[in-house]
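Colleague: Before we begin, may I ask you to explain the terms as we go? I am new to this structure.

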Amino acid sequence: MNKNDIIEIAITDMGDDGEGIGKTRDGVVFFVKDAIVGDFVRAVVTKVMKNFCYAKMLEVLKPSPDRVSARCAVARACGGCQFQELDYASQLRLKREKVIRKLRHIGHIAACGDEPEEASGALKNPVYVAPTIGMDSPWRYRNKTQLPVGYDRENKLVAGFYAGRTHAIIAHEDCLLADEGNTQIANIVLSHMERCRISAYDEISHTGLVRHLLIRKGYFTGQWMVCIVINGRAKDLVRADELVAALREIPGMTSISLNINTKNTNVILGQETILLFGSPYIEDTIGNLRFRIGPHSFFQVNPVQTEKLYACALDFAGLTGSEVVWDLYCGIGTISLFLAQKAKKVYGVEIVPQAIENARDNALLNSCLNTEFMVGSAEDVAPLLQKRPEAAPDVIVVDPPRKGCDEKLIATMLVLAPKRIVYVSCDPATLARDLAALLDSGEYRLEKVQPVDMFPMAGHVETVCLLERVAN
Ligand code: SAH
C-alpha cells in the first residue's frame, strides 16, 4: 500500500475522532476521513503507518442508511464537528457502543446494552449500559464560542474556526452549534477593525492586534459577554468607545471586556482582563441554581445537557439529607451545589484557585451554606480531609479531566470506603481503567452506567457511573 493509492472499502466502525474505520480484504485497517459507519466508499491513501493506514474519502459508492446531509457548509473542513453526516440517533447509539467497548476491553467489565449477561471468563461485574441521553434538538446548544480573527487566502479580514488539525482560519462565524447572535457580534467587531484599520493577529510572525473573540451567552438568562483578546495594550484598540456603543445595541449585552495576551502561545486568554462596559461576569442558571461566569471561568458548554448530567449524578448519589459528600474535581462548584441541596454537608476540591473562588461566591449566591471548598489536587487533599472525623464521606463524587483519577486517589477512596461512589467521566477509556481498579478490590459493585451526550455532532461522550459498596 502506498500514498495516493486509490482503494474501495466498507466502513464498519468509527474512531474517537469521527473517522470511518474499515478493513481491506488483505486485512489492512484504514481510518477514512469523512466516511461513516455503513458506507462503501472510494478513498485515497494519505498516510501509510506500520499497522494501519489513513485515507480520505473521495466518493460514497453506496451510502450508509444512517448517512444524512451535513447542515453546515463547512462541516468537513472545520475541526469542530465530526458527526454531522451521521444521523443523530446513530450518534447516540455509537457513543453507547463506545462506552460498552471500553468497559469490556480496558475494564474487563461485562458491560452490555441488552439484558445483563452472566459473568464469564475474564469479564466480571455484569452491568447494563443505558441508552445515551440525547437532546431533543441537537443544534445551537453551545453557550461559548471562541472565534480566531485573522486573514484568509485573499488577505481579507475574517473571523471563524480552525480547520481540523491546523490553524488555518475558515471564515464562518455562524456555527450551527452556537447561538445565531455570534454572527452579529463578529460582524460588528470586524467592521470596526476595518473602519479603524486595526490589524488582526498573525500567529506565525507574532504581529498584529486582535487574536480572538470569546463570546458567551447565558442560555437561560439571555445575557451576552464579549471579550476581545488582543496582542498589545488597551489603547491600541482605537476608538473602543465606538465599538462598545455598537455592541451595546445587542439586547442582553451585559459584559464587554478586553483581554491582554501578548505571549507567543496558542493559549487563548492572557492574565489581564480590562472591563470596557457593564459587569465583569454574566449569570446563568442550571436547574434552580445561579452561577456567575467570567471570561476565565470553566462552565459546561451545553447547558441543556448539563442539567440532565447533574440530575443523573444526583440521582445516583441517592441522598436523603443526612449524608456527608465529597465532590472531587469540583470546578466552580456546580455539582457540589446541586448535591448540597440534598446533603448534610458537601466538601468540594479543585486544583485551580480561581475556580474555588468562584465556587465560594456561587455557594453564597445560592445560600448553600453547608459547603466547604478547598484548593489542591484531589489526590493530595483527600488524605488531609480523611484526618477530619466529621468529614468522613458517605458518598464521593469524582468528575476528573480526561486523564482520569490518580492512583493515589483510588487507593484513598478504597480506605475511606464510602457507601457510594459516583464517577462522572469525559473519557470512557480512563473511566474503564479506574473502575477496574476500584472493582478489583472486591469492595464495590458497578450498578449503573449512563452515557450522556454533552457534545452532539462531536465524538466525545460523558458517562455517569454508580458504584455501591458490597455489604460485608
Ligand atoms: N465538576 C465540574 C468540573 C469538571 S472538569 C463541572 O462539572 O463543572 C474537571 C476539573 O478538574 C477541572 O476544573 C480541573 O481544573 C480540575 N482538576 C484537574 N486535575 C485535578 C486534580 N488533580 N485535582 C483536583 N482537580 C483537578
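Modeller: A cavity is a set of grid points where a 1.4 Å probe fits but cannot get out. Please note that the model is predicted.

Colleague: How many cavities of 30 Å³ or more does the structure hold?

Modeller: There are 3 cavities of 30 Å³ or more. The largest cavity contains about 90 Å³ of space.

Colleague: What makes a residue part of the lining of the largest cavity?

Modeller: A lining residue has an atom within 4 Å of a point. Among the residues that line the largest cavity are Asp13, Phe83, Arg101 and Gly459. Helix 1 (88–105) and strand 1 (6–14) each contribute at least two lining residues, and helix 1 gives the largest share, 5 residues.

Colleague: Why are 6 residues of this lining called charged?

Modeller: Asp, Glu, Lys and Arg count as charged. The lining includes Asp13, Asp16, Lys95, Glu97, Lys98 and Arg101, and therefore 6 of its residues are charged, beside 3 nonpolar and 2 polar ones.

Colleague: Which residues are the closest to the ligand?

Modeller: The closest are Gln300, Tyr310, Glu350, Ala378 and Asp399, in a shell of 17 residues. By class, 9 of the shell residues are nonpolar, 5 polar and 3 charged.

Colleague: What makes the approach of Glu350 to the ligand a polar contact?

Modeller: An N or O atom in the side chain of Glu350 is 2.7 Å from an oxygen atom of the ligand. The cut-off is 3.5 Å, so this pair is a polar contact. The ligand, taken alone, exposes 570 Å², of which the protein buries 87%.

Note on methods: Residues numbered from 1 in each chain as written. Predicted model: local features only at pLDDT ≥ 70, side-chain atom pairs only at ≥ 80, totals over all residues. Heavy atoms only, no water. 1 Å grid on protein atoms, 1.4 Å probe; cavity = no way out; pocket = protein on both sides within 12 Å on 5 of 7 lines; lining within 4 Å. Points joined across faces, edges and corners; volume = space filled by probe spheres on them. Helix = DSSP H or I, 4+ residues; strand = E, 2+ residues; numbered from the N terminus. Near = heavy atom within 4 Å. Polar contact = N/O pair within 3.5 Å; in protein donor to acceptor, adjacent residues only side chain to side chain. Areas by Shrake-Rupley, 256 points an atom, 1.4 Å probe, with all protein chains shown as cover.
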